[in-house]
Amino acid sequence: MKDRIKKLRKELGLTQQEFADKLGVARNNIAGYEAGNRNPSDAAISLICTKCNVNESWLRTGEGNIFPPIDRQTEIARLTKQLLNEDEDSFKNRLISVLANLSEDQWSLLAEIAEKLTKEKD
């Protein structure tokens, strides 16, 4: 499990301290897990899975994908939460604001452009 915890942390692009802060635990707990000097409790495993949206089976056994498949509603909820934590003037917030104010004709045009881009990419 020590290798999977380290892999997860790196996949998330976090330092041990940032990972610990995300989980609300001390950095030395993370260091202990990654070094194999300490085994995470069931509560710690559950916390990691909940806070980082990790497949518990993967974390415990290495089987399956790190992250469970995400449906559209979950992805929209995740993006919304992320946007609330960003600067109001961030590119993502400005883009969502522009999209929110498109007319039906503009949405149709945007759909056509997206389809053309997809075809060109293939």
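Start at Gly-24, just after helix 2. Its phi is positive, about 75°. The model is predicted, so read every value here as computed from predicted coordinates.

Step back into helix 2 and select residues 16–23. Gln-16, Phe-19, Ala-20 and Leu-23 are buried. Now look down the axis of helix 2. The buried residues fall within an arc of 100°, so they line one face of the helix. What do the buried residues of helix 2 pack against? Show helix 1 (2–11), helix 3 (27–35) and helix 4 (42–52): the buried residues of helix 2 pack against these helices.

Move to helix 1. Select Arg-4, Ile-5, Leu-8 and Arg-9; these residues are buried. Take the axial view again. The buried residues of helix 1 fall within an arc of 135°, so they too line one face of their helix. Rotate to the other side of helix 1, where Asp-3 and Lys-10 are exposed. For the packing, display helix 2, helix 3, helix 4 and helix 5 (56–61): the buried residues of helix 1 pack against them.

Follow the chain out of helix 1 to Gly-13. Here phi is positive, near 70°.

Last stop: Asn-53. Which loop holds Asn-53? Go to the one between helix 4 and helix 5. Asn-53 is not a glycine, yet its phi is positive, about 55°. Is Asn-53 buried or exposed? Asn-53 is partly exposed, because its relative accessible area of 34% lies between the cut-offs of 20% and 50%.

Key. Residues numbered from 1 in each chain as written. Predicted model: local features only at pLDDT ≥ 70, side-chain atom pairs only at ≥ 80, totals over all residues. Heavy atoms only, no water. Buried < 20%, exposed > 50% of the residue type's maximum accessible area, 1.4 Å probe, protein only. Helix = DSSP H or I, 4+ residues; strand = E, 2+ residues; numbered from the N terminus. Arc of directions from axis to C-beta. Contact = heavy atoms within 4.5 Å.
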